Amino acid sequence: MTQPAAVSPASGEKRRIGACFAAAAASYDHAAALQREIGLALLDELSGHVTMPPNGRCLDLGCGTGFILDQLAARGVAADHLFGADLAMPMLEQGRRRRPGARWLCADAERLPFNDRSFELIISNLPVQWLDGLERFLAEAARTLRPGGWLAFTTLGTRTLAEFERLCRDAAQPSRVNRFITKDKLKACLEHAPLRLEAQRRSRHVRRYPGAWALMRELKQLGAHHLAYPTHPHLHARAAGLGGRSRLVALERLAGLRYPEGVPASYDTHFIILRKPD
Ligand SMILES: C[S@@+](CC[C@H](N)C(=O)[O-])C[C@H]1O[C@@H](n2cnc3c(N)ncnc32)[C@H](O)[C@@H]1O
């Protein structure tokens, strides 16, 4: 077996993303209803292609606290076939407490510490939008899957949190929500991937919040506040010094006027299933 590809150390941006998720590990499960809903939909989609339990080792990549591993165990995958990998150690510690029989590793999805052909199935629910790019993730999945193995992942599209981004713009509140993959870029990556595309769909999941702050609070509880500029603790402090507090109040007022029935947060989700050729 060849060794995992050696690549450069994690970027500063990646360290910051890991730190946000690490800080959110204790609150993540409480806030992650939508992530669970999307994860279950991915597993449903996958069950149309793969017989459960798959006949080999399964990796949950960007596993967080291990919701997907719980689901795989419930579908009959043996504990010693379950692997969880995540950038944030405190997320893994939560997972290990819940399921000590599985193996939990701190790893970057773009440079996996596994040998070639290690897994029958890799599932990755919603970490992909945090990566530097999709190409390296697909190459690493292809390398570590056995021939005939499956990769199932979800990632967010460009319409994600579009309402919130518009609100921020109209309230002159800095935001950098929109860092999601375009459909053309996704198509190009999938066409050039060393894996065969078996299924792909896109769907919109919407949740409503009493106000913009409530939405930002939940993003923080999830560790996703690196997305939402106003809630990042350092940036927030800096923004507050520049009159940021009054801008946040303006944002909340605008949210109440525009969405009296609650601020919508759309999650534009791509579901992708690929297979490594035999
Ligand atoms: C939105 S959470 C999803 C967690 C889990 N898959 C679920 O369904 O609840 C995203 C997870 O991806 C992890 N993550 C982000 N970038 C990563 C990377 N480069 N490599 C591995 N994990 C990463 C985060 O630490 C976080 O736990």
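User: Which residues are closest to the ligand, and how many surround it?

Analyst: The ligand is surrounded by 18 residues, where being near means having a heavy atom within 4 Å. The closest are Tyr28, Gly62, Asp86, Ala109 and Asn125. This is a predicted model, in which local features need pLDDT of at least 70 and side-chain atom pairs count only at pLDDT 80 or more, while totals for chains, interfaces and linings use all residues. Residues are numbered from 1 along each chain as its sequence is written, and side-chain values use heavy atoms, with hydrogens and water left out.

User: What makes the approach of Tyr28 to the ligand a polar contact?

Analyst: A polar contact is a pair of N or O atoms within 3.5 Å; within protein, one must be able to donate a hydrogen and the other to accept it, and residues adjacent in sequence count only if both atoms are side-chain atoms. An N or O atom in the side chain of Tyr28 is 2.7 Å from an oxygen atom of the ligand, so the pair meets the distance limit. The side chain of Asn125 likewise has an N or O atom 2.8 Å from a ligand oxygen. For Gly62, a polar backbone atom is 2.8 Å from a nitrogen atom of the ligand.

User: Why are α6 and α8 called roughly parallel?

Analyst: Helix α6 (residues 134-144) and helix α8 (residues 183-192) pack at an angle of about 30°. Angles under 35 degrees count as roughly parallel, over 145 as roughly antiparallel, 65 to 115 as roughly perpendicular and the rest as oblique. The pair is therefore roughly parallel. Their axes are 10 Å apart.

User: Which residues make the contact of α6 with α8?

Analyst: Leu134, Glu135 and Leu138 of α6 meet Lys185, Leu186, Cys189 and Leu190 of α8, contact meaning heavy atoms within 4.5 Å.

User: Why are α3 and α4 called oblique?

Analyst: The axes of helix α3 (residues 33-47) and helix α4 (residues 67-74) cross at roughly 40°. That angle fits none of the named ranges, so α3 and α4 are oblique to each other. In this contact, Arg36, Gly39, Leu40 and Leu43 of α3 meet Phe67, Ile68, Gln71 and Leu72 of α4.

User: What is unusual about the peptide bond between Met52 and Pro53, and where is Pro53?

Analyst: The bond joining Met52 and Pro53 is cis, with omega about -5°. Pro53 lies in the loop between α3 and β1 (58-61).

Technical notes. Axes are lines fitted to C-alpha atoms, for helices over the stretch in contact, and angles run from 0 to 180 degrees between N-to-C directions. Helices (H or I, at least four residues) and strands (E, at least two) are DSSP runs, numbered from the N terminus.
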